[in-house]
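Here is a walk through one protein model, from its overall make-up down to its helix pairs and its core. Keep the structure open while reading.

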Amino acid sequence: QTKESFEYYRRALEMWNSVGDIRGIAVTLTGVGRLYSRVGESQTALDYFQKAMPLSNRIGNKVEEARVLTGMAYVYARLGEDQKALDFYENARKLFADAHYVDGEASTLYSAGRVYYSMGDTQRALEHHHRALESCRVIGDRRLEIIILIEIGRLHQADGDHAAATRDFVLARDFAHTQKDLRAEMDAWNLLGVSYEAQQQK
């Protein structure tokens, strides 16, 4: 499937180049970069993102620019260059905010929170996740809200605050049930069991 995806992108790039569509070229380059990042070819991914950035900047599309930056941030996070990843995520967040693209801002805050957690900074991770949660509620993105609630609960668990974790997991479970997201609902039930058991042992 990955090989086919690369072929589709190659054909798309040829077509966009043939008609001189800068936006189409930029979006396709970003897509190729994301695909390379998913298969672990970090430097190649960065090369494609760096090709996409000046084109996105040229057409003045802040959302596309931000998407390139989040792609680069993801690669740097995987490479363990956490501060660089955070810088790129923050620049992307600002562009999403300027474009009033709340969905992009929410997912970027969530991703930055995960980087902070990997650095051992639980407080900053929670701050970013809560900001992402607020953005999700503005746009009604229940799917991402469930993911973030579970992540916040895990952070509270890691801090030993099982009462707070329980509240997060209950909300995530109920939302997942409403959305008919069985996998998320089962995850929430399992995590509730862990928190409940920890509280009983106190």
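**Contacts, helices and core**

Take the contacts in the protein between residues at least 6 apart in sequence: 49% of them join residues at least 24 apart. The model is a predicted one. It holds 10 helices and 0 strands. Read from the N terminus, the order of elements is α-α-α-α-α-α-α-α-α-α. The C-alpha trace spans about 65 × 35 × 30 Å along its principal axes. Of the 202 residues in the protein, 45% are buried.

Start at the N-terminal end of the chain numbering, with helix H1 (residues 2-19) and helix H2 (residues 22-38). Their axes come within 9 Å and cross at roughly 160°. Angles over 145 degrees count as roughly antiparallel, so H1 and H2 are roughly antiparallel to each other. Their crossing is left-handed. Which residues meet here? On the H1 side they are Thr2, Ser5, Phe6, Tyr9, Ala12, Leu13, Trp16 and Asn17. On the H2 side they are Gly24, Ile25, Thr28, Leu29, Gly31, Val32, Leu35 and Tyr36. By type, the contact of H1 with H2 has 10 nonpolar residues, 6 polar and no charged.

Now move to helix H6 (residues 102-118) and helix H8 (residues 142-158). These two pack at an angle of about 20°, and their axes lie 11 Å apart. The cut-off for roughly parallel is under 35 degrees, so H6 is roughly parallel to H8. H6 passes H8 in a left-handed crossing. H6 brings Ala106, Ser107, Tyr110, Arg114 and Tyr117 to the contact. H8 brings Leu144, Ile147, Ile148, Glu151, Leu155 and Ala158. The residues of this contact divide into 8 nonpolar, 1 polar and 2 charged.

One of the H8 residues in that contact, Ile148, leads on to the core. The largest nonpolar core has 54 residues. Which of them have the most contacts inside it? They are Met72, Ile146 and Ile148. Helix H4 (residues 62-78) gives this core its largest share, 8 residues.

Stay with Ile148 for a closer look. Set aside its neighbours within four places in sequence, and Ile148 is in contact with Tyr110, His129, Ala132, Leu133 and Cys136. Tyr110 also belongs to the H6 side of the contact between H6 and H8. Ile148 therefore appears twice in this account: in the H8 side of that helix contact, and among the core residues with the most contacts.

How values were computed
Residues are numbered from 1 along each chain as its sequence is written. This is a predicted model: local features need pLDDT of at least 70, side-chain atom pairs count only at pLDDT 80 or more; totals for chains, interfaces and linings use all residues. Side-chain values use heavy atoms; hydrogens and water are left out. Axes are lines fitted to C-alpha atoms, for helices over the stretch in contact, and angles run from 0 to 180 degrees between N-to-C directions. Helices (H or I, at least four residues) and strands (E, at least two) are DSSP runs, numbered from the N terminus. Angles under 35 degrees count as roughly parallel, over 145 as roughly antiparallel, 65 to 115 as roughly perpendicular and the rest as oblique. A crossing is left-handed if the near helix is turned anticlockwise from the far one by less than a right angle, and right-handed if clockwise. Contact means heavy atoms within 4.5 Å. Ala, Val, Leu, Ile, Met, Phe, Trp, Tyr, Cys and Pro count as nonpolar, Asp, Glu, Lys and Arg as charged, and the others, Gly among them, as polar. A nonpolar core is a set of buried Ala, Val, Leu, Ile, Met, Phe, Trp, Tyr and Cys residues joined through side-chain atoms within 4.5 Å. Buried means under 20% relative accessible area, exposed over 50%, partly exposed in between (1.4 Å probe, protein chains only).
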